[in-house]
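Visitor: I would like a close look at one part of this model, namely its aromatic ring pairs, with enough of the surroundings to place them. Please begin with the charges and the chain as a whole.

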Amino acid sequence: MTKEAEQYLSRMMNPFIFWWAMLFKLPSAVFWRLKIKSLSLEKCEVSIPFFWRSQNPFQSIYFAALAGAAELSTGALCQLGMAGKGKFSMLVVDFRAEYHKKANQKIIFTCDQGTELTHLIDSLQPQDTGSLTMVSTGRNPQGDIVAKFYVTWSFKRKA
């Protein structure tokens, strides 16, 4: 792990720094109380509680709040994977969701494609682009799959 990656990991796992960063960069994450439960080069876990701010009129977590948690689980992994490896641009180019069960409890989204992501990032030369569809699986406390999100990230290594 690069020094920059260690610094990024330390900032993201510090609740106070994470809260301030999200307040300025992604305020909906603060509103919905998203939390990074774990983050490593291999995987990221993000939790979203079921409470009045994340709830829809049908007594479940609003689909956009679920999507935000899923995207954060993939995006934080991407940021960690790129840290200290040069300049990159990244962009979501495709997004797809599958809903399997009502989200009426705390949900934890997990993306465990860090190794695959690292291989892609390391293979890119300056001006090269690549993309990766990352899967974030949301589970309730009983371990049941509530939703799966497929987030396709495009990366371009800058000179």
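Visitor: How many positive and how many negative side chains does the chain have, and how far apart do the centres of the two sets lie?

Guide: There are 19 positive and 12 negative side chains, and 9 Å separates the centres of the two sets. In this count Lys and Arg are positive and Asp and Glu negative, while His and the chain ends are not counted, and each charge is placed at NZ of Lys, CZ of Arg, CG of Asp or CD of Glu. This is a predicted model, in which local features need pLDDT of at least 70 and side-chain atom pairs count only at pLDDT 80 or more, whereas totals for chains, interfaces and linings use all residues. Residues are numbered from 1 along each chain as its sequence is written, and side-chain values use heavy atoms, with hydrogens and water left out.

The chain contains five helices and six strands, these being DSSP runs numbered from the N terminus (helices H or I, at least four residues; strands E, at least two). Along the sequence they are arranged as α-α-α-β-β-α-β-β-α-β-β. The radius of gyration is 16 Å, close to the 15 Å that the globule rule gives for 159 residues, so the chain is as compact as a globular protein of that length; the radius is taken over C-alpha atoms, and the rule is 2.2 Å times the number of residues to the power 0.38. Along the principal axes, the C-alpha atoms fill a box of roughly 50 × 30 × 25 Å. Of the 159 residues, 43% count as buried, a term that means under 20% relative accessible area, with exposed meaning over 50% and partly exposed in between (1.4 Å probe, protein chains only). Among the contacts (heavy atoms within 4.5 Å) with a separation of 6 or more, 68% join residues 24 or more positions apart.

Turning to the rings, a pair is counted when the centres of Phe, Tyr or Trp rings (for Trp, the six-membered ring) lie within 6.5 Å, and planes under 30 degrees apart are stacked, those over 60 edge-to-face and the rest tilted. The rule gives eight aromatic pairs. One of them is the tilted pair of F95 and F149, with 5.7 Å from centre to centre and 45 degrees between the planes. This pair links distant parts of the chain, since F95 belongs to strand β3 (residues 88-99) and F149 to strand β6 (residues 145-157), 54 residues apart. The two partners are covered to unlike degrees: F95 is partly exposed, with a relative accessible area of 38%, whereas F149 is buried, with a value of 0%. F149 also pairs with Y99, here edge-to-face, at 5.7 Å centre to centre and 90 degrees between the planes. Again the pair links distant parts of the chain, with Y99 in strand β3 and F149 in strand β6, 50 residues apart. Y99 is partly exposed, at 46% relative accessibility. Elsewhere, ring pairs link F16, W19, W20 and F24 into a cluster.

Strand β6 can also be approached from strand β5 (residues 129-139), where L132 is found. L132 is buried, with a relative accessible area of 9%. Beyond its neighbours within four places in sequence, L132 is in contact with several residues, including V151, T152, W153 and F155.

For the surroundings, S73 in helix α4 (residues 63-82) is buried at 0% relative accessibility. Residues up to four places away in sequence aside, S73 touches C44, V46, F109, C111 and S136. L39, in strand β1 (residues 35-39), is buried too, with a relative accessible area of 8%. The contacts of L39, apart from neighbours within four places in sequence, include Y8, M12, C44 and L77.

Two backbone details complete the view. Most residues other than glycine have a negative phi. R33, although not a glycine, has a positive phi of about 60 degrees; R33 sits in the loop between α3 (27-31) and β1. Q59, also not a glycine, likewise has a positive phi of about 60 degrees, and Q59 lies in the loop between β2 (44-48) and α4.
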